[in-house]
Amino acid sequence: MVSPILELTNINKSFGHVHANKNINLTINKGTIHGIIGENGAGKSTLMSIVFGLYQANSGTIKVNGKEINLRSPKDSIINGIGMVHQHFMLVENFTVLENIILGFEGELVFGKNLEKAKKDLKNLCDTYKLNIDLNSTISDLSVGFRQRVEILKSLYRGAEILILDEPTGVLTPQEVDELFKILRSLNEEGKTIVLITHKLIEIMDLTSEVSVMRQGEMVGHTKTENTNKEQLAEMMVGRSVLLRLDKSELKTGDVVFKVEDLTVKDDLDVTRVKNVNLEIRAGEILGLAGVTGNGQTELLEALSGIRRVESGEIYLDEKKVSDSQNFLNPRQLKEKGLAHVPEDRQRMGLVTDFKAYENLIFGYHDQQPFSKSSILNHKDIISHSKKIMEEYDVRPQSPNLITSNFSGGNQQKIILSRELNEKPKVLLVGQPTRGVDIGAIEFIHQRLIDMRDRGAAILLVSVELDEVLSLSDRIVVMFDGKIVGEKENKNVTDRELGLLMAGVV
Amino acid sequence: MEFLSDIASLINSTLRISTPLVFAAMAGIFAERSGVIDFSLEGKMLMAAFVAAVGSYFLGNPWLGLLLAIIACVSLSMLHGFASVTYKGDQVVSCVAINILIIGLTTALAAAWFGQAGLTPTLTEDQRFLEVNLPFAESLRDVPIVGTIYSDILSGHYVFVYLAYLTVPLVFWVVFKTSFGLRLRAVGENPSAVDTAGINVFAMRYKALAINGVLIAFAGAHLSTAVNANFFREMSAGRGYLALAAMIFGKWHPKTALIACLLFGFTDALQIRLQGVELPAIGEIPVQLIQALPYVLTVVLLAGFVGKAIAPNAIGQPYIKER
């Protein structure tokens with residue numbers, strides 16, 4: 001007999017002019033694993049933050065076990081058995097696991113008896129769900145996967161019957177994802193209800209028994225997972241049919257145009273982040289660089305694009321040395337030599353978000369003909385160029401005068417991509433090209449990168465999305481702890497193999 | 001035995017001079033551990049000194065003066081909270097505003113009430129705190145070592161001196177051994193973690209600021225109703241800033257902050273002692289040079305010796321829940 005544990009009726013929520021949730025109705029049955037899928041910005045996280053009491057809905061009702069509840073703060077939802085594991089962990093990094101878990105639920109003014117009881121209870125919970133956490137370790141010493149377990153343990157200790165997980169796999173290696181799913185299944189067997197928020201179709205198919213789809217702030221469908229498939233779900237998410245597989249032509253490589261020899265790079269805190277890296281990229285190939293965030297990819301990209309100083313080693317473009325520890329070209333000089341860079345953090349390094357779209361569309365090339373003559377910008381030509389290129393790259397809305405921060409993530413990325421690709425670079429460095437980008441735009445961006453490759457550009461693709469690396473690259477290298485720990489031709493490589501390399505196991 | 005009594009009097013003055021620094025540093029720890037920058041220790045100390053002196057003068061009781069000083073400082077802390085916690089203003093700007101306001105306000109009020117710009121009337125013995133002689137101090141004075149330590153160093157201080165050094169272990173206990181302390185430290189490191197644990201971030205910061213106000217009031221009252229018998233213009237003389245430096249030097253930790261305060265107090269005691277003393281080979285050191293010693297030490301310590309002081313992670317950032 002299924003009974004609803006959580007019922008949402010007509011939930012509305014606006015942030016300023018953005019209507020993030022429109023008349024949402026959702027019923028979650030007790031003891032199920034319920035998936036909520038939708039693109040970035042579809043309103044999934046907002047909805048769940050309302051259920052967790054972090055945001056207050058403008059209107060609508062929430063019932064837990066058939067009883068209407070009033071959520072003014074997370075305290076109210078915790079009392080009602082709702083727990084949430086946020087995308088960005090809500091942990092105090094210099095606290096121990098124990099301190100983080102009891103925070104707010106100390107049960108006593110001065111630490112003593114209850115602290116001992118908490119330790120015992122937590123040990124029991126760890127054993128029951130095989131969480132394997134040392135309560136005395138400090139959060140900053142733990143891997144991302146373990147931090148997530150601490151979040152789960154925290155919710156369980158606070159008495160969660162409904163556990164909401166917001167994009168839990170974004171930061172995990174495939175092996176860690178397996179571990180997480182094992183834990184979630186065992187929680188489910190013990191009778192807990194799990195709500196999984198994700199934009200990854202495969203996770204919905206793997207784990208959930210029921211699924212709800214959101215699009216642009218609205219709930220567009222509910223179904224049992226066994227009655228649907230990936231293609232159907234993707235279509236519901238985007239609102240039109242989507243190509244999930246890329247068409248890629250046969251590889252035709254030319255000479256090596258970009259070469260990195262023995263490169264070592266330090267970060268701002270003087271920690272060595274890139275250690276003796278060697279890379280070669282040929283014309284007409286995409287080299288994928290996989291790795292868990294924070295293993296030196298950012299510093300590598302910055303050094304290659306001329307933003308960060310090289311500690312030792314050399315970089316060659318077209319067989320000519322462009323950078324070593326003594327002499328290096330700045331980003332502008334590199335640009336003139338045919339190197340384009342789509343940075344990882346587009347809002348910080350790729351765009352001036354307070355500028356208008358047309359300004360960002362020519363930025364870095366603004367001193368060239370026809371955009372400027374004798375240091376004076378040629379407004380008319382810039383606007384007509386912007387209109388043309390926005391149409392070509394399907395940037396929506398097509399208004400060059402709109403402030404850049406008003407475009408969605410996907411369209412902001414298209415603005416950068418169109419600017420950099422328009423110059424037909426010989427070498428293209430791309431960092432996280434589809435982070436926070438919706439499926440429709442992902443498809444478009446991927447196709448453009450393939451086109452560039454077919455036209456003979458050498459492309460370095462740095463991405464933490466393993467699926468992206470696998471579907472685009474001709475060759476894949478894996479980075480761990482600043483070193484290249486493996487290189488594979490992209491034929492019959494599985495994400496498992498790469499996952500082991502990414503975790504530094506092999 | 002001249003040397004020994006010199007050392008004893010030096011330690012004695014170190015304890016006295018460090019007292020306002022200790023109160024102020026402990027006050028700073030509460031505010032900053034909760035994530036709120038407190039640059040306004042200086043202004044609040046000055047306010048407390050003024051209110052305590054005026055209060056004692058009119059009410060005839062230094063304890064009532066202290067009470068009024070506490071009320072005044074807690075109000076100023078709440079003002080700082082209102083601007084920077086509730087209305088998410090810039091915390092440094094709010095502090096600077098308070099500091100400037102108090103310098104002007106105390107001078108102007110003194111002029112209006114007592115006819116002398118920035119000076120309050122001298123307090124009688126009934127209206128101020130007197131030195132406390134510990135029991136048996138006189139009879140033990142002649143016992144070697146013990147007598148020196150007990151009678152010459154520990155006895156004969158103002159009540160605030162004893163309170164200051166009792167406050168330090170109390171602060172340590174509250175910050176590290178109670179659930180309030182856990183929440184306090186968490187709210188300065190990651191307010192989102194505190195919010196999602198069902199605790200009100202704003203209420204936590206206001207509570208921390210209230211404690212901050214109480215503690216800093218003691219520092220001001222010590223200046224105007226104990227070591228001095230009146231308030232004079234800008235009498236806090238940078239002690240609030242020095243305490244802030246000591247707190248940073250002590251890495252926001254009561255024990256190490258105490259050591260820093262004592263060190264600053266010691267250099268100050270030393271400079272007073274060294275004034276006019278002829279040193280062999282060098283001769284008499286100019287007073288101005290010696291007076292600069294504590295400040296030079298601050299700069300040197302902060303710049304070089306301490307290593308990187310890691311502030312609470314969320315310090316200076318107003319908490320914004322919804323994007």
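In the predicted model, 46% of the 323 residues of chain B are buried. The secondary structure of this chain consists of 14 helices and 2 strands. Along the principal axes, the C-alpha atoms of chain B occupy a box of roughly 70 × 50 × 40 Å. The radius of gyration of chain B is 21 Å, which agrees with the value near 20 Å expected for a compact globule of 323 residues. Of the contacts in chain B between residues at least 6 apart in sequence, 75% link residues that are at least 24 apart.

At the level of single residues, A108(B) was examined. This residue belongs to helix α4 of chain B, which spans residues 91-114. A108(B) is classed as exposed because 12 other C-beta atoms lie within 10 Å, the cut-off for this class being 12 or fewer. L119(B) is 11 residues from A108(B) along the chain, and the C-alpha atoms of the two residues are 9.8 Å apart.

The contact between the chains involves 19 residues from chain B and 21 residues from chain A. On the side of chain B that touches chain A, helices α8 (179-189) and α9 (191-195) each supply at least two residues. The largest contribution to this side comes from α8(B), with 5 residues. By residue class, the side of chain B that touches chain A comprises 6 nonpolar, 6 polar and 7 charged residues.

Technical notes:
Residues numbered from 1 in each chain as written. Chains lettered and ligands numbered in written order. Predicted model: local features only at pLDDT ≥ 70, side-chain atom pairs only at ≥ 80, totals over all residues. Helix = DSSP H or I, 4+ residues; strand = E, 2+ residues; numbered from the N terminus. Rg over C-alpha atoms; globule rule 2.2 N^0.38 Å. Buried ≥ 20, exposed ≤ 12 C-beta atoms within 10 Å, placed from the backbone. Contact = placed C-beta atoms within 7 Å. Nonpolar A, V, L, I, M, F, W, Y, C, P; charged D, E, K, R; others polar.
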